[in-house]
Amino acid sequence: AHLKEAILSPGERVDREWWTATVKTGDKSAKGFLMNEDTHSIQIWDPASGLKSLVKTPGTTVEVSKTSTMPSFEGRLSGKEVDDLVAYLASLRRPGGKQ
């Protein structure tokens, strides 16, 4: 059920580890998955360039998006295609892994 929901309605439940942040400081801007944030700094992970740690200065803005970056496949796949995809993804689970 979780896999089907993730395919058809990826924005329904978005775990914190998938939140993204856009950080603007001066003339620089960075975007990526929010890893950590405190009063003085923020760490984001950009799949293309890796982990970035940015110091917050006066004027720094941080916009956090709690929505999914994955598109919905609702209406783009047939019911059978969704069932087949869920079955395939479920077969990839490792024993003892997160269900």
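User: Is Arg-13 buried or exposed?
Analyst: This is a predicted model, where local features need pLDDT of at least 70, side-chain atom pairs count only at pLDDT 80 or more, and totals for chains, interfaces and linings use all residues. Residues are numbered from 1 along each chain as its sequence is written, and side-chain values use heavy atoms, with hydrogens and water left out. Buried means under 20% relative accessible area, exposed over 50%, and partly exposed in between (1.4 Å probe, protein chains only). Arg-13 has a relative accessible area of 54%, so Arg-13 is exposed.

User: Which residue meets the side chain of Arg-13 in a salt bridge?
Analyst: A salt bridge needs a side-chain nitrogen of Lys or Arg within 4 Å of a carboxyl oxygen of Asp or Glu. Here the N to O distance is 2.8 Å. The partner is partly exposed, with a relative accessible area of 26%. The residue is Glu-5.

User: How many salt bridges are there by this rule?
Analyst: Arg-13 pairs with Glu-5. Glu-37 pairs with Lys-56, and Lys-80 with Asp-84. The count comes to three.

User: How far apart in sequence are the parts that Glu-37 and Lys-56 tie together?
Analyst: The side chains of Glu-37 and Lys-56 meet at 2.7 Å, N to O. Glu-37 lies in strand β2, and Lys-56 in the loop between β4 (50-55) and β5 (61-65). At 32% relative accessibility, Glu-37 is partly exposed, and so is Lys-56 at 25%. The pair therefore ties together parts separated in sequence by 19 residues.

User: Which helix holds both Lys-80 and Asp-84?
Analyst: The closest N and O atoms of this salt bridge are 2.9 Å apart. Lys-80 is exposed at 56% relative accessibility, whereas Asp-84 is partly exposed at 41%. Being four residues apart, Lys-80 and Asp-84 are separated by about one helical turn. Both sit within residues 79-91, helix α2.

User: In what order do the elements of the protein chain run from the N terminus on?
Analyst: Helices (H or I, at least four residues) and strands (E, at least two) are DSSP runs, numbered from the N terminus. The protein chain has two helices and five strands. The order is α-β-β-β-β-β-α.

User: Which elements give two or more residues to the largest nonpolar core?
Analyst: A nonpolar core joins buried Ala, Val, Leu, Ile, Met, Phe, Trp, Tyr and Cys residues through side-chain atoms within 4.5 Å. The largest has eight residues: Val-14, Trp-19, Ala-21, Val-23, Ala-30, Leu-34, Ile-42 and Ile-44. The elements that give two or more residues to this core are β1 (20-25), β2 and β3 (41-46).

User: Which residues does Val-14 touch, not counting those up to four places away in sequence?
Analyst: Val-14 belongs to the largest nonpolar core. Contact means heavy atoms within 4.5 Å. One residue that Val-14 touches, Trp-19, is also a member of that core. The full list is Trp-19, Lys-66, Thr-67 and Ser-68.

User: What radius of gyration does the protein chain have?
Analyst: The C-alpha atoms fill a box of roughly 55 × 35 × 20 Å along the principal axes. Buried residues make up 23% of the 99 residues. The globule rule, over C-alpha atoms, is 2.2 Å times the number of residues to the power 0.38. A compact globule of 99 residues would have a value near 13 Å, but the protein chain has 17 Å.
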